[in-house]
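Walk through this model one interface at a time. The route starts inside one chain and then moves out to its partners.

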Amino acid sequence: MSGPRPLRLPEHIVEIVSDAGEGAQKAALAFAQLCAKSGNGLWTVEIIPSEIRPPPHTTGSASGNRIRLAERARVTNAGNRANVVLAFNEMALLSRLEAGSLADDVLVLIDDHWATHEDEKYRLSYREVLDEFRSRGATIVEVPLAKETLRHAEDAQQGKNMFAVGILCALYSKDLDLLDDVIRDIFKAKDRRVIELAVRLAAAGHQYGVTHFDRCFEIEAHPSDVAKVAMNGNTALALGAVSAGFEICSMYPITPATSASHALSEIFEDFGGFVHQAEDEIAAIGVALGASYAGKTALTITSGPGMALKTEFQGLAVMTETPLVIVDVQRGGPSTGLPTKIEQSDLLHAIYGAPGDAPKVVIAPSTIEECYYILSIARKIAEEFRMLVIVLSDANLATGQQLFNRPDVSQTPRRPPLDLSPVAPGALPYDWDPTTGLSQRLLPGQPDGMGVTTSLNHDRNGKARYDAESNQRGHAMRSRKLAALQKTLNPPSVHGAPQGDLLLVGWGSTRGAIEEAVDVARSEGLSVSSLHIQFLSPLPPGLLEIFARFRQIITVELNYSDDWNDPLITNENRRYGQLAWILRAATLQDIDCIARVPGRPYMPVEILEEVKRILADRPGVASSAPALAAGKGVH
Amino acid sequence: MKKQVLQSVEDVWRHDGVALEDAFEESIRELTELVRLDEYHRHGHDREQLERALGPIAATNMDIGSLSRLLGGSTRSRAMTPARLHRVEELIAGLDEMKEAWSTRPLDSVSTEIENEEREILKLAEEHFDRIAGAFRALRIAQLELRAKYDPEIHDAAFADFTWRQLGPAELRACPPFVVMACLDGDRGARLCKVMSLLQSGMPIKVAALRSSFRDVHATSVDAGVASAMTIETLPLAMRGVYFVQTCEAASDFQRQLFEGLTAPRPAVISVLCEREDEDRAAFQSRAERAVHARAFPMCTYDPDRDSRFVLCFDLSSNPSLDALLTTDTLLTRDSQGQAVEVEEPYTFAHFAASESDLVGELSDPPANDGNLVGLTDYLELTRRQRVGKLPFISLADNDGGIVRKVISTRLTLQCSERLHLWRTLREISGIDNPHVNTTRTTLEKELRAQQEAQLETLKQEMEQSAAGREQAAATAAIRKLVAHLTGIEPPGEK
Amino acid sequence: MSTLTDLCLMESHASEAHTLDDYESERPRWCSGCGDHGVLAGLQRVLRKNNLDPENVVSVSGIGCSSRLPHYLKTYGFHGIHGRALPIATGVRLSRPELPVIVIMGDGDCFSIGGNHWLHAIRYNINAVVLVLDNEVYALTKMQVSPTTPDGWKTNTTPRGTYLKPMNPLSTVMGMTNISFVAQTATWLPAHLDETIEKAWEHHGLSFVRILQRCPVFMPKAFGEGGVHFPLVFLDHDDGIPVHPSLLARGTVQAHNHRDINEAQRAAVSVDPCPMGLVYQDPEVPSYEEIRWQRQERPDHRTFLQRLDAVMDRYAAG
């Protein structure tokens, strides 16, 4: 095969966008699988149109995928601005520019169909958009996508995407035979003719790329013999729920949590479980609580607005010490906010939302792999400590796809049977260990354990009590359990050097971007490290010691904080990011924050720029005019 | 027929066997879960187990050793005592063995013949029932252990000597039956006595008493009417705790009746009419029906558990024409003019005997001088003195569409009389017929009728009186109006 | 449980017959004259009659005077939050279908804040006895109007009289899909109350029973001075709630076919005289937990792992 010598790179970011329904997602799927099969590390993110039925050929209708492929096996976030974009029309292309998602010198591959379209409006916008890109330094390669597709297929709409994959295969010097296998696998349920057509189109695209492109890339790949899987965070949660031994998941539809319930609904009945869709969010948690009370710890999955509705029941779970697990797949708030966008702003609500003092466990997975395992941890804590455990995921983990080591299913332990043995005489329903607050649960069906579980204040007998002493004790015991759990936690490990000028602290899905930024900063000689917290309530031990070794502590989180430069904002009234707020209170340190609400993940480069700015400024004060979210609007 | 009964026995055995196997399996499964739970209590929060339960990423943020120490103590305190665990494990092994044994058990040791030595039969029965008792013992202990209610101090002794006598009625019902086959043809009483003797043991033995001939059915007494020998149908009076059913294929629910008998939770006698050696099925079917119609083989069921009152336990409803002593047959003949005419003829044992090969010899042609012939039913009403010189006869249809008379022997007459008396007795003990009740009923009917007539009379009188009164009032009113109209003066008191 | 093991359980237990005391956990603290006492007694009697082990019964309530009942009934009781007893009960039924469930609510609890759950629970037809103790007021919080407070009645939130006609819970229920048992009774008719609870217990499905109850403290004049001047019509059928002759003093008797939905709807709509007895029953409606459990498989552990592995295969990459 003739062609240019490929440029070797450690990684690249490609975006494939089209109108909804034109198959960019399938093209992306094929390309991603091709990269995975050849041994690249991957992180992919869906690009979702903001509305259900946007008019076609507009920026609002762009749909597709971003694929970050790398030489290294572990890719932890969606990366910085894209290097290559393959667009089926110029409005989809423009939308990516508006999202701030493309590098200035991006390589644009675009269907030239619109250049000579009969409708003048399209010809005009096509020229204008491409001019805009050129003025920013982009390289434009016009590809006759539709025209070439029509040479093999009758309907260009139904084949462009496969031709496009072929092009990318050529651009990235991938093996066409491997692509052939991938396509056959993806379409295996389809008619033979469809499969053959797809394969032919891909080959044609590949041939086109090889003969026409003046450049190509090679992202080296190292196929490993370690079995891997790729899935998004919601699917990981669903599979994790099965392996954790849950039997009942009760939910109400809400974006972006619902796909977890869909995934679970498909398979749960084969594993002895079921998904119950309740009449509203409150009933959903009510059913889960009832099921847990009866002995089988249950799960409910929701997002921010659902958490608000469930608050009273959360208090009930805490007061009655009924084990329960809630998964909150966070989204843009407040109120209906940005249902499909990424934010992590339910932290304070999760910890403090219920009225009265209702201590509960809050944990946050930071990778998709963790989403699979975290429910086993949540369930064990919920059952053994008789606590409510809230798992905070977000739309970033929910919709992103990561390659990770295939979990060893054979290690999944069996659920122990329900303990319905008669209760020892004198056993109390809240037999609090005075040191730890832990007590054994009595399950319906256990002889001699009858009694009422009440939402009122109660004593060890479970009897309603109204006096000061019993109220104090009840609070103390429920609170003590958090301390007992905290005693079993490890201090978090620092990424980078154990001491330095700046420590970035994060939680949830920002980990990948933060650590990547820190790695780059360190390679440039900057004294910065990072810390990621999984347990937010209780906080892990050792924070004070760790913080003491750094000049500045700054949290990086996707929730709102006032900007120091905003009018009226002073020391006395500035509102901090949520983790910063908690850490300030817990450690009495002047911890600052990088906390904004762009509706999309931070790019490592954005964090790096902030770090540089902070280290250049006076220590102790967070940056003014941060460089984040430079693009117009949001994804 | 013997085969049919044995088939039923097999069916019941299979049904009970399946239930037992299910019970074994369920108990084994639940006990095994109990052991698994105990294993979890002992080791579920050991460090390695906890690591497995929490998954590979937990160790980053959690000190699993510390968590194990925190949780392990209270979990371990819920473990069973070693003594109980040992008992449960032994019990599981025992139940496993029993389950194996039951699924391979052959069927014929479950039934035996009356001819064998009584001692032998009772020994076999005892072995069988104690084996079953062993199974129930294990199942009961399993339930106690599952609920942690087994207390060695109380229960070791209670279960040490556990025989069939400790079984409850529902458990007995679930016991696969031990069947003794007894053929009663030609029995002068010895075999029936042996049956009763076996039942005296109290063991829930099932006796299948089969007969195919009516030759010697209890007509040994010299006196007309009542036999001094015991009849199997009145066994319930002598042994009120024994379930009794007499049935044959003439009953529409024959199979069910067999089943009920074989699964009764008490000793039972199942009396069945069987076909002869080479008898054709269809022929036997119609023979059985005739036997029932003739009251030769009255079908009845006595279920002591149905009610506390005897009469309600005794059920004759399978028989036709319950309210009559005899069923009737319709014979076609021609009268003197040659016209077709139907004649009603009561169907007695003698009529039935005419079609029985071993009894037909008891019928003979009437003598030429038929002046002394008396119809059988009338003959049976005569006193001994009145019967002198008379010959009882019955009318049968002959092959040419006519009617022929046959004289019946003394022996056969005695049998007829005996069967009729039995039927009457059965009706009385099942409460269908009772002379006292009949008298009371007649008296009551008379009184009621008299009352009704009196009431009617009173009503009639009242009506007549009130009609007369109204007439009077209407006439008065009419006159008043007329006067008013004529004189123009409104009379006082109107409106 | 197979019949045989059940038998053995019974035989080996030397079945203790439970007494009424076995079902009482502490002295009820309701006001003297409160109808809740009668309902508690009725429940205890039905449990004793069926000789249920107290540990195998779950009672769930919301918030209100009547919702204190689980404190006094010796079962596994759950005294939850206002209006939310039914979802909790549904959860119990879904996870432990072998445990019978009794739900106790008040009129505000069920018809007002719990209204949404009430309607849906009926459609789910969970197998449970659902008793609504309707005293037509919010008593625990000291006399606020409830959806069933009579027209023009003065309460603390409607001191010049209520504004709207009260809702008719029976006719509301009759409009819902999957209804399987609807009955009405009153605490001042103790025998009728007991029989109704008994019938509700025997029914397989959601047995909705509205129990009229006069609060002696806040609504002493309700229901015509507690039933004295309150015309009733007793719905009569061989399979319905028996109408004892003594009840004839309280109202009339009307033959009623509770299997006929149209007749039931007509009966439900009438409020004067007030219908008492079994309004509607259909024993064939399946319950939600049955439907879900039937479709479920409970694989053994090995199969579980195999299946999980097979699911994981779908996501294999690289």
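How many residue pairs are in polar contact across the interface of domain 2 of chain A and domain 4 of chain A? The rule finds 16, with both residues at pLDDT 80 or more. A polar contact here is a pair of N or O atoms within 3.5 Å; within protein, one must be able to donate a hydrogen and the other to accept it, and residues adjacent in sequence count only if both atoms are side-chain atoms.

Some ground rules come next. This is a predicted model, where local features need pLDDT of at least 70 and side-chain atom pairs count only at pLDDT 80 or more, while totals for chains, interfaces and linings use all residues. Residues are numbered from 1 along each chain as its sequence is written, chains are lettered from A and ligands numbered from 1 in the order in which they are written, and side-chain values use heavy atoms, leaving out hydrogens and water.

Chain A is assigned domain 1 (5-218), domain 2 (229-411), domain 3 (422-488) and domain 4 (494-630). These bounds come from an automatic or database domain assignment. Stay with domains 2 and 4 of chain A. Their centres, taken over C-alpha atoms, lie 27 Å apart. In contact (heavy atoms within 4.5 Å) are 25 residues of domain 2 of chain A and 22 residues of domain 4 of chain A. The two domains bury about 2,000 Å² between them, and carbon and sulfur atoms give 60% of that. Buried area is the accessible area (1.4 Å probe) that two parts lose on being put together, summed over both. On the domain 2 side, Ile342(A), Gln344(A) and Leu347(A) lose the most area, together 31% of what that side buries.

The rule finds one salt bridge across this interface. The term means a side-chain nitrogen of Lys or Arg within 4 Å of a carboxyl oxygen of Asp or Glu. Glu370(A) and Arg511(A) form a salt bridge, with their closest N and O atoms 3.4 Å apart. Among the elements, α14(A) gives the most to the domain 2 side, with four residues. Helices (H or I, at least four residues) and strands (E, at least two) are DSSP runs, numbered from the N terminus.

Now cross to chain C. Here 71 residues of chain A are in contact with 53 residues of chain C. The pair buries about 5,300 Å², 62% of it on carbon and sulfur atoms. Six salt bridges span the interface. Glu269(A) and Arg292(C) meet in a salt bridge at 3.2 Å, N to O. Polar contacts number 33 residue pairs, both residues at pLDDT 80 or more. Several elements of chain A give two or more residues each, including α1 (24-38), α8 (233-243) and α10 (281-293). Of these, α10(A) gives the most, with eight residues.

Chain C also meets chain B. Eleven residues of chain C are in contact with 17 residues of chain B. About 1,200 Å² is buried, 70% of it on carbon and sulfur atoms. Leu4(C), Cys8(C) and Glu11(C) lose the most area on the chain C side, together 41% of what that side buries. The rule finds zero salt bridges here. The count of residue pairs in polar contact, both at pLDDT 80 or more, is zero.

Last, chain B itself. It has 18 helices and 13 strands. Its radius of gyration, taken over C-alpha atoms, is 38 Å. The globule rule (2.2 Å times the number of residues to the power 0.38) gives 23 Å for 495 residues, so chain B is more spread out than a compact globule. Its C-alpha atoms fill a box of roughly 120 × 105 × 40 Å along the principal axes.
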